[in-house]
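The exercises below are meant to be worked through with the sequence and the coordinates side by side. Each one gives a task and then a solution in steps.

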Amino acid sequence: MAYRPPFNRNDRIDSLCMEIAELVGMISPEAPLAKSPTLHRELRIKTIHSSLLIEGNKLAEQAVTAILDGKRVLGNSNDILEVENAKRAYDLISELDPCSLEDLLRVHGVMMENLVSEAGRFRSGNVGVFDGDALIHAGTPAAYVPKVMADIFAWLKTTPTHPLLASCIFHFEFEFCHPFSDGNGRTGRLWHTLILSKWRPVLAWLPIESTIRQRQTGYYEALAKSDSMGSSEVFVEFMLEVIRDSILPFAKPTGERDAMKSRTIEFFKENPCANIDQLAGHLGRSKRSVERLVAELKEDGRLLREGSARAGKWIAVE
């Protein structure tokens, strides 16, 4: 009998799916998230930095940016290699098949090259999922991993479940099995993004990992709770909220102008010391148009400037 992951839909999950579908529909094919190379690069840097930070990488986002620019950086050699490998792994997304077990092994091989001896191969020993020193989950016994993973991928390939839900269920099943000796978290999160990108290509750039990083405790708690329940709906609900909140800054509200204002507010929340030139690069707009946008937000009382033009900071008003 074909494997079917244990999962029970509920009203909250259905409501989140509808909300996400509406938000995705608001993203124009011409929107920066779909078209802007500058924004794509910025989001990919955030994605790589956040995903590796979850795994204990100590490099700052500025150092990650420098590494991706080919510059020399002072830091732990393994931390630097993790960034370089992750960049190469994420660059493969457009050519990967989310239903291919061979492609999964390929990505893990790239992600963990020269970091672990079993890069690109299922683990030969038993492992557990840890949050710090606390054991969250003991992975599938090593002898059963190939069969379990084959079953999960067979389900993913044939399931009528919508990709939005399937991506979350897969993410839990992958982490539950924990098929590799190391690199499971970063590989599982990449694969989640890959599945979403095959539903809507623009979602390849969605900074899901950054939102997970901000809610890292909740991420592990949802994994642990679904693990103890033997069914993935708690984790699925958590991930749907992550996806929704990752989309919100890029979804077009009532018009293009409102979308630009929302993205400006979000940008200054994350970068209060940024300048107008940096905002213009982020939005993919001219400096003059961005200056008008900021003036409107200040007039509306949604954006305040504290301190001098050179050394001050921006304050987004809720």
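**Exercise 1. Residues with positive phi**

Task: Establish where asparagine 114 lies in this predicted model, and decide whether it is buried or exposed.

Solution. Asparagine 114 sits in the loop that runs between α6 (101–111) and β1 (128–131). The next step is its accessibility: the relative value is 66%, and because exposed means over 50%, asparagine 114 counts as exposed. Its backbone deserves a separate check, since asparagine 114 has a positive phi of about 65° although it is not a glycine. As background, most residues other than glycine have a negative phi.

A second case can be set beside this one. Histidine 178, in the loop between α8 and α9 (184–199), also has a positive phi, near 55°, and is a residue other than glycine. Histidine 178 is buried, however, with a relative accessible area of 10%. A glycine completes the set: glycine 56, just after α3, takes a positive phi of about 100°.

**Exercise 2. Helix α3 and its crossing with α5**

Task: Describe the extent and burial of helix α3, and then determine how α3 is oriented relative to α5.

Solution. Begin with the helix itself. Helix α3 covers residues 37–54, which are 18 residues, and it spans 26 Å from its first C-alpha to its last, close to the 26 Å expected at 1.5 Å a residue. Of these 18 residues, 13 are buried, so α3 is largely enclosed by the rest of the structure.

Then turn to the pair. The axes of α3 and helix α5 (residues 77–90) come within 10 Å and cross at roughly 125°. That angle makes α3 oblique to α5, and the crossing is right-handed. On the α3 side the contact is made by Arg44, Thr47, Ile48, Ser51 and Leu52, while α5 contributes Glu82, Val83, Ala86, Lys87 and Tyr90.

**Exercise 3. Two residues of α5**

Task: For leucine 81 and tyrosine 90, find which residues beyond their sequence neighbours they contact.

Solution. Leucine 81 has its place in helix α5 and, at 19% relative accessibility, counts as buried, because the cut-off is under 20%. Leaving aside neighbours within four places in sequence, leucine 81 is in contact with Glu113, Asn114 and Leu115, so that the exposed asparagine of Exercise 1 reappears here as a partner of a buried residue. The C-alpha atoms of leucine 81 and isoleucine 67, which lie 14 residues apart along the chain, are separated by 9.4 Å.

Tyrosine 90 also lies in helix α5 and counts as buried, at 4% relative accessibility. With neighbours up to four places away again set aside, tyrosine 90 contacts Arg44, Thr47, Ile48, Ser51, Met111, Arg186, Leu190 and Glu209. Among these partners, Arg44, Thr47, Ile48 and Ser51 belong to the α3 side of the crossing in Exercise 2.

**Exercise 4. Helix α6 and its surroundings**

Task: Work out how many residues of α6 are buried, and how α6 is placed against α9.

Solution. Eight of the eleven residues of α6 are buried, and the helix is therefore mostly covered. The buried residues are Leu101, Asp103, Leu104, Val107, His108, Gly109, Val110 and Met111, and they pack against α5, α7 (145–158), α8 and α9.

For the pair with α9, the axes come within 10 Å and cross at roughly 130°. The two helices are therefore oblique to each other, and α6 passes α9 in a right-handed crossing. Here Asp103, Leu104, Val107, His108 and Met111 in α6 meet Arg186, Thr187, Leu190 and Trp191 in α9.

**Exercise 5. The nonpolar cores**

Task: Identify which residues have the most contacts inside the largest nonpolar core, and which helix gives the most to this core.

Solution. The largest nonpolar core has 78 residues, and those with the most contacts inside it are Met149, Phe170, Trp191, Met239, Leu240, Ile243 and Ile247. Helix α8 (residues 163–177) gives the most to this core, with nine residues. A second, separate core of 15 residues includes Phe268, Ala274, Ala280 and Leu293.

To follow one member of the largest core, take tryptophan 191, which touches Leu96, Asp97, Pro98, Ser100, Asp103, Leu104, Val107, Phe153 and Phe170, not counting residues up to four places away in sequence.

Definitions and conventions: Residues numbered from 1 in each chain as written. Predicted model: local features only at pLDDT ≥ 70, side-chain atom pairs only at ≥ 80, totals over all residues. Heavy atoms only, no water. Core = buried A, V, L, I, M, F, W, Y, C linked by side-chain atoms within 4.5 Å. Buried < 20%, exposed > 50% of the residue type's maximum accessible area, 1.4 Å probe, protein only. Helix = DSSP H or I, 4+ residues; strand = E, 2+ residues; numbered from the N terminus. Contact = heavy atoms within 4.5 Å. Expected span 1.5 Å × (residues − 1). Axes fitted to C-alpha atoms, helices over the stretch in contact; angles between N-to-C directions. Parallel < 35°, antiparallel > 145°, perpendicular 65-115°, else oblique. Left-handed = near helix turned anticlockwise from the far one by under 90°.
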